[in-house]
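This report goes through the packing, the aromatic pairs, the pocket and some backbone details of one protein model. Please keep the sequence and the structure at hand while reading.

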Amino acid sequence: MLYKEIEKALKNVIIIDNKNIVESGWVKKIDLLNNEIRIYLNLSNPAMHIKNKLLKEITRSIRNQNILDTIRIKIEIKSDTKIKTGIKNIIAIASGKGGVGKSTVATNIAVSLVQMGFYVGLLDADIYGPSIPLMFNLKEESVNLQEQHRNGILNPITSYGVKIISIGFFSKYGQAIVWRGPMVTKVLKQFMYETNWGELDFLIVDLPPGTGDIHLSLLQEISLFKLKGIVIVSTSQKIALSDVNRSVGMFRIRSIYVPILGIIENMSYVLSKTTKEKYFFFGKNGVKNFSKEMNLFFLGEIPMLQTIREYSDLGIPIVLENKEIRNLFINITKNIIKQIKL
């Protein structure tokens, strides 16, 4: 009798696909031992938030069945399969500080690769400030979370040919994400290993700005997962390059050494509409000179144009709308590929 009551309670637990966990085949075994109920679940790489929700919903549902409160509930979740991905190359986009256009560059490099005929994914690893959904105009209400979760596996959203995953899909616009480092690292691992990326020629990872424990943990993790190198984005002013210097030092630490493929100078200059003269708002050749000093490959420069800002705000990658800027990004992307030993 008690077994049937427990099973009835479990049928009230619905996580994804409008199916309860019994119909989904997640419940493998129920044991009744003295004053303890043991429920064994079998999922394919369950994401952490799915696990937490399961534990909460199962406990609540059993208690609502008026089963004795004195009975302990123990739930064991087992993952018996790992998703197999065919990611050939991972490239991380980094910056010493925020506000230098790292996410804009990551977005347009990803779309440029698609235009060159590659299969591309984009992982938004900037947990505290996810910008990629805005760059692709992927608003919360346009993302079908039911379709994103299949048996605990995340399915990326495809936009302009790029497969995308971001914490921004799971939080409301403007909502503060207040997590400690270990929590962030776990989520990023899930984005790496528990997402159905399929076959990709390139996975672009938009790293958080700066340096810290999150970077160290993430880089150590994805170094084991075909990370080909780092692309750094910076403006030319000294304060930005000072932070980049620290980033370069972190990437060159022996214990986590990751090759730096090169550096991009973003918002390099403002072009006069009338005279076509270049005005170097952040300083001239700052990144280019820095690259020589640090023995880094200079990948190219991107001007500061109002049209880039306008299309970014609209969620349209500029390489789809402006031929001159597209050519700049295509050349930069080709330079990146040349630095990779494919």
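Which residues does Leu 123 touch, not counting residues up to four places away in sequence? The model is a predicted one. In it, Leu 123 is in contact with Ile 165, Leu 188, Phe 191, Met 192, Trp 197, Leu 203, Ile 204, Val 205 and Asp 206.

## Nonpolar cores

The largest nonpolar core has 72 residues, and Leu 123 and Ile 204 are the ones that touch the most other members. A second core of 16 residues is separate from it, with Ile 21, Ile 37, Ile 39 and Ile 62 among its members. In soluble globular proteins, nonpolar side chains tend to be buried together.

Val 105, in helix H3, is another buried residue, with a relative accessible area of 1%. Leaving aside residues up to four places away in sequence, Val 105 touches Val 233, Ile 264, Asn 266, Ile 302 and Phe 329. One of these partners, Ile 264, is 159 residues from Val 105 in sequence, yet the two C-alpha atoms are 8.9 Å apart in space.

## Helix H1

Helix H1 spans residues 2-10, and its Ile 6, Ala 9 and Leu 10 are buried. These three lie on the same side of H1 because they cover an arc of only 100° around the axis. Lys 4 and Lys 8 are exposed and sit on the face of H1 turned away from the buried side.

## Aromatic pairs

A pair of aromatic rings is described by the distance of the centres and the angle of the planes. Two such pairs turn up in a search of the whole structure, and they are set out below.

| Pair | Centre distance | Plane angle | Arrangement |
|---|---|---|---|
| Phe 118 and Phe 202 | 5.1 Å | 90° | edge-to-face |
| Phe 136 and Tyr 160 | 6.1 Å | 40° | tilted |

Phe 118 belongs to the loop between helix H3 (102-115) and strand S5 (120-124), while Phe 202 belongs to strand S10 (residues 199-206), so this pair ties together parts that are 84 residues apart in sequence. Phe 202 has a relative accessible area of 1% and is buried, whereas Phe 118, at 28%, is partly exposed.

In the pair of Phe 136 and Tyr 160, Phe 136 lies in the loop between helix H4 (132-135) and helix H5 (145-148), and Tyr 160 in the loop between strand S8 (157-159) and strand S9 (162-166), so parts 24 residues apart in sequence are tied together. Phe 136 is buried at 2% relative accessible area, and Tyr 160 is partly exposed at 37%.

## The largest pocket

How much space lies in the largest pocket? The volume is about 420 Å³. Its lining consists of 27 residues, and those nearest the centre of the pocket are Val 100, Gly 101, Lys 102, Thr 104 and Met 135. Two or more lining residues come from each of H3, H4 and helix H10 (306-314).

## Positive phi values

Asn 137 is a residue other than glycine with a positive phi, near 55°. Asn 137 is placed in the loop between H4 and H5 and is partly exposed, with a relative accessible area of 41%.

Asn 285 also has a positive phi, near 60°, and is likewise not a glycine. Its place is the loop between strand S14 (278-279) and helix H9 (286-293). With 25% relative accessibility, Asn 285 counts as partly exposed.

Conventions
Residues numbered from 1 in each chain as written. Predicted model: local features only at pLDDT ≥ 70, side-chain atom pairs only at ≥ 80, totals over all residues. Heavy atoms only, no water. Buried < 20%, exposed > 50% of the residue type's maximum accessible area, 1.4 Å probe, protein only. Helix = DSSP H or I, 4+ residues; strand = E, 2+ residues; numbered from the N terminus. Arc of directions from axis to C-beta. Phe/Tyr/Trp six-rings, centres within 6.5 Å; stacked < 30°, edge-to-face > 60°. Contact = heavy atoms within 4.5 Å. Core = buried A, V, L, I, M, F, W, Y, C linked by side-chain atoms within 4.5 Å. 1 Å grid on protein atoms, 1.4 Å probe; cavity = no way out; pocket = protein on both sides within 12 Å on 5 of 7 lines; lining within 4 Å. Points joined across faces, edges and corners; volume = space filled by probe spheres on them.
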